[in-house]
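Student: I would like to go through this model with you and ask, for each label, what value stands behind it.
Tutor: Then let us look at it together and set each value against its definition.

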Amino acid sequence: MLFKQQAWLRQKLLVLGSLAVGSLLYLVARVGSLDRLQPICPIEGRFGAHGQAEFPLRALQFKRGLLHEFRKGNASKEQVRLHDLVQQLPKAIIIGVRKGGTRALLEMLNLHPAVVKASQEIHFFDNDENYAKGIEWYRKKMPFSYPQQITIEKSPAYFITEEVPERIYKMNSSIKLLIIVREPTTRAISDYTQVLEGKERKNKTYYKFEKLAIDPNTCEVNTKYKAVRTSIYTKHLERWLKYFPIEQFHVVDGDRLITEPLPELQLVEKFLNLPPRISQYNLYFNATRGFYCLRFNIIFNKCLAGSKGRIHPEVDPSVITKLRKFFHPFNQKFYQITGRTLNWP
Ligand code: A3P
């Protein structure tokens, strides 16, 4: 009997102990994330004449809770609106380049307390059907945020789509534009790998990269192949420059974002006039994934989906050399226009 009672008591103590440890961990995590939020950053020109605005921590806590309830369906849109949460048009857009690391950039920027990301690619400006739905449709696709925060979206197709610069200009001529690029041949192979994977998933066969990238008749680089054309960054950028001055663009080195993300993110913070809030703590290298992953606080962290960081097929080295030689003059022009030299081969 005594033994039974002792066992029961031990079990109870164990449950209570786990609960206490769990609550403690939760509180530490919560305080961590609220700490990040407290002095919502000063974004130049957004606070009027009175300088930097700061939210009282309690109000923030409450609003975060309300937003959570809204997402769960327990709070009405009216309640959310009453507490200043708004759907804002983006102040900055990651316009491309496809396979440059656009998702990693968006997710990493979202670590900043003043940044709110649109999770999905919205394809408003490159898709005629979406564009015809109007700017309010676009705004309603944006996440809820506090007025002092900035919303960022990414749709990599924007960079290469003819009509997009003019359309974005019409929405906001002073918008900030982020372009993340990788060494053009690597990017083209990454692009090919994504398409190849899609074909394989449907049990379809596909050409080898070499066959697509090199014209069999001339043995020259096939400029009709989309993966090649997308990597001629300067050609696309020149179209954008008809609408926006170069100062409104920031080039992110996508190869460096893979190996050394923090300095690249710090450059973006500067470009966006955000106080530096992303730190090494927020980024940790995951050896299994072979990439940096994101740490929000001691409990919440995440790596990008498995579709990011695919293994590329082996490509004939002579084709790689030919492609690199082809891209070289375009790269030089790109460095010259953007003022960012990336030392690609
Ligand atoms: P690969 O799959 O070729 O390696 P996008 O998001 O524009 O489609 O870009 C995908 C690329 O992002 C991946 O290309 C990968 O190399 C790169 N990337 C950069 N940082 C990453 C990270 N932290 N985790 C996973 N992929 C990352």
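**Values and their definitions**

Tutor: The mean pLDDT of the protein, where pLDDT is the predictor's confidence in each residue from 0 to 100, is 86, and 77% of the residues reach 70 or more. This is a predicted model, in which local features need pLDDT of at least 70 and side-chain atom pairs count only at pLDDT 80 or more, while totals for chains, interfaces and linings use all residues. Residues are numbered from 1 along each chain as its sequence is written, and side-chain values use heavy atoms, with hydrogens and water left out.

Student: Over which residues does pLDDT stay under 50?
Tutor: That holds for residues 26–62, for which the model nevertheless has 69 contacts (heavy atoms within 4.5 Å) beyond four places in sequence. Where pLDDT is low, the predicted coordinates should not be read in detail.

Student: What does the secondary structure of the protein come to?
Tutor: There are 14 helices and 10 strands, where helices (H or I, at least four residues) and strands (E, at least two) are DSSP runs numbered from the N terminus.

Student: What makes the link of Cys 293 and Cys 303 a disulfide?
Tutor: A disulfide is a pair of cysteine sulfur atoms within 2.5 Å, and the S to S distance of Cys 293 and Cys 303 is 2.0 Å, so the pair meets the definition. The structure holds one disulfide, and with 100 degrees about the S-S bond this link is right-handed. Cys 293 lies in strand E9 (residues 291–295) and Cys 303 in the loop between strand E10 (301–302) and helix H14 (317–338), so the disulfide ties together parts that are 10 residues apart in sequence.

Student: Why does Cys 293 count as buried?
Tutor: Buried means under 20% relative accessible area, exposed over 50%, and partly exposed in between, with a 1.4 Å probe and protein chains only; Cys 293 has 1% relative accessibility and therefore counts as buried. Its partner Cys 303, with a relative accessible area of 27%, is partly exposed. Of the 345 residues of the protein, 45% count as buried.

Student: What makes helix H4 mostly covered?
Tutor: Helix H4 (residues 102–109) has eight of its eight residues buried, among them Thr 102, Arg 103, Glu 107 and Met 108.

Student: Why are Arg 187 and Glu 264 called buried?
Tutor: Arg 187 has a relative accessible area of 0% and is therefore buried, and Glu 264, at 0% relative accessibility, counts as buried as well. Arg 187 is found in helix H8 (residues 184–201) and, leaving aside neighbours within four places in sequence, is in contact with residues including Val 97, Arg 98, Lys 99 and Tyr 233. Glu 264 lies in helix H13 (residues 261–271) and touches Val 252, Asp 253, Arg 256, Leu 257 and Arg 340, not counting residues up to four places away in sequence.

Student: How do you know that an oxygen atom of the ligand makes a polar contact with Lys 308?
Tutor: Between the ligand and the protein, a polar contact is a pair of N or O atoms within 3.5 Å; within protein, one atom must be able to donate a hydrogen and the other to accept it, and residues adjacent in sequence count only if both atoms are side-chain atoms. A ligand oxygen is 2.9 Å from an N or O atom in the side chain of Lys 308, so the pair qualifies. A ligand oxygen is also 2.9 Å from a polar backbone atom of Gly 309, and one is 3.0 Å from a polar backbone atom of Arg 103. The protein covers 97% of the 580 Å² of accessible area that the ligand has on its own, areas here coming from the Shrake-Rupley method with a 1.4 Å probe, where for residues only the protein chains shown count as cover.

Student: What is the phi of Asn 203, and is Asn 203 buried or exposed?
Tutor: Asn 203 has a positive phi of about 60 degrees although it is not a glycine, and with a relative accessible area of 73% Asn 203 is exposed. Asn 203 lies in the loop between H8 and H9. Most residues other than glycine have a negative phi, and most peptide bonds are trans. A cis peptide bond, with omega about 10 degrees, joins Gly 96 and Val 97.
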